[in-house]
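Colleague: I have the sequence and the model open beside me. Could you take me through the structure?

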Amino acid sequence: MDKRKDSYCLVLGGGGAKGVYHIGVWRALREMGIEVDAFVGASIGAIVAGFMAQGSDEALEEIGATIGVDSILGLPEELTENGEIKLDRESLGAARELFRKTMAQKGLDTSPLRRILTTRLDEDAIRDSGRDLGIVTINLTDLEPREVFVEEMEKGRLVDYLMASSAFPGFESPVIAGKKYVDGGMYDNVPY
């Protein structure tokens, strides 16, 4: 009889705000004693998978409880209230300015999300964890889907790949090795 431990892979899909549900599933699996040693995700699922692969359960729970649109996008203060977009007569000028800036940048500013990933994820810890981490994105320059595991990513580029997998159309397109990328959920939203 084979006595090897079962190995499990958790596949996390895209869906924007639905990404916080992944955290609940992860909590339930831990409570049931089910060990997961591989994580694959697309879009928000790729970001959550990064935290799970690192073993950052507390950070993930905290982010899930506090994240709002202003945690992801660089928006003028006049357009947000309590983490949500607020549009009213007083904010129309700010909305027009945001539109101009977005057009000039060719996408919405995602620097707040990048800041969270850069400060909360430790690429070396993920690489040394013994867990697999894979993401799906689309190479927009070559019009090709890209399925990449962490060991195939250039060192120092993990956050770039997570941003690439979650670059929803309308967001800035991350550039890796001179190629633009867009949300992996457009190719395979649940990359099992």
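**Charges, fold and core**

Modeller: Let us begin with charge: the protein carries 22 positive and 33 negative side chains, and the centres of these two sets are 3 Å apart. Please keep in mind that this is a predicted model.

Colleague: Noted. How many helices and strands does the protein have?

Modeller: There are 8 helices and 8 strands. With a radius of gyration of 18 Å, close to the 16 Å that the globule rule gives for 192 residues, the protein is as compact as a globular protein of that length. Along the principal axes, its C-alpha atoms fill a box of roughly 70 × 40 × 25 Å.

Colleague: And what percentage of the 192 residues is buried?

Modeller: Buried residues account for 42% of the 192. The accessible surface is about 11,000 Å², and 53% of that belongs to carbon and sulfur atoms.

Colleague: What share of the contacts joins residues at least 24 apart?

Modeller: If one takes contacts between residues at least 6 apart in sequence, 67% join residues at least 24 apart.

Colleague: Let us turn to the interior. Which residues touch the most other members of the largest nonpolar core?

Modeller: That core has 33 residues, and those touching the most other members are Leu 10, Trp 26, Phe 39, Met 52, Leu 117, Leu 133 and Leu 162. Two or more residues each come from strands S1 (9-12) and S5 (132-139) and from helices H1 (19-31), H2 (44-54), H3 (57-66), H6 (111-120) and H8 (158-165). H2 provides the largest share, with 7 residues.

Colleague: Is there a general reason to look for such a cluster?

Modeller: Nonpolar side chains in soluble globular proteins tend to be buried together.

Colleague: What is Phe 39 in contact with, leaving aside its neighbours within four places in sequence?

Modeller: Phe 39 is in contact with Cys 9, Leu 10, Trp 26, Ala 49, Met 52, Ala 53, Arg 131, Asp 132, Leu 133 and Gly 134. Apart from the largest core lies another core, of 7 residues, including Leu 73, Leu 79, Leu 98 and Phe 171.

Colleague: You listed H8 among the contributors. Why is H8 described as largely enclosed?

Modeller: Because 8 of the 8 residues of H8 are buried, this helix is largely enclosed by the rest of the structure. The buried residues are Leu 158, Val 159, Asp 160, Tyr 161, Leu 162, Met 163, Ala 164 and Ser 165.

Colleague: Take Ala 164 from that list. Is it buried or exposed?

Modeller: Ala 164 has 0% relative accessibility and therefore counts as buried, the cut-off being under 20%. Setting aside neighbours within four places in sequence, Ala 164 is in contact with Thr 137, Pro 174, Ile 176, Tyr 181, Val 182, Asp 183 and Gly 184. The C-alpha atoms of Ala 164 and Ile 176, which are 12 residues apart along the chain, are separated by 8.4 Å.

Colleague: Changing topic to the backbone: what is phi of Asn 82?

Modeller: Phi of Asn 82 is near 55 degrees, a positive value in a residue other than glycine. Asn 82 sits in the loop between strand S3 (80-81) and strand S4 (84-85). With 77% relative accessibility, Asn 82 counts as exposed.

Colleague: And where is Lys 106?

Modeller: Lys 106 is found in the loop between helix H5 (92-105) and H6. Lys 106 also has a positive phi, about 60 degrees, although it is not a glycine. Its relative accessible area is 64%, so Lys 106 is exposed.

Colleague: What is usual for phi?

Modeller: Most residues other than glycine have a negative phi.

Colleague: One last region. Where does Tyr 192 lie, and is it buried or exposed?

Modeller: Tyr 192 lies in the segment after strand S8 (179-183). At 85% relative accessibility, Tyr 192 counts as exposed. Between Tyr 192 and Cys 9 there are 9.1 Å in space, C-alpha to C-alpha, although they are 183 residues apart in sequence.

Colleague: What about Val 190, in the segment after S8?

Modeller: Val 190 counts as partly exposed, at 43% relative accessibility. Leaving aside neighbours within four places in sequence, Val 190 is in contact with Val 11 and Gly 13. The C-alpha atoms of Val 190 and Ala 42 are separated by 6.6 Å, and these residues are 148 apart along the chain.

Definitions and conventions:
Residues numbered from 1 in each chain as written. Predicted model: local features only at pLDDT ≥ 70, side-chain atom pairs only at ≥ 80, totals over all residues. Heavy atoms only, no water. Core = buried A, V, L, I, M, F, W, Y, C linked by side-chain atoms within 4.5 Å. Buried < 20%, exposed > 50% of the residue type's maximum accessible area, 1.4 Å probe, protein only. Helix = DSSP H or I, 4+ residues; strand = E, 2+ residues; numbered from the N terminus. Contact = heavy atoms within 4.5 Å. Rg over C-alpha atoms; globule rule 2.2 N^0.38 Å. Areas by Shrake-Rupley, 256 points an atom, 1.4 Å probe, with all protein chains shown as cover. Lys, Arg positive; Asp, Glu negative; His and termini not counted. Charge placed at Lys NZ, Arg CZ, Asp CG, Glu CD.
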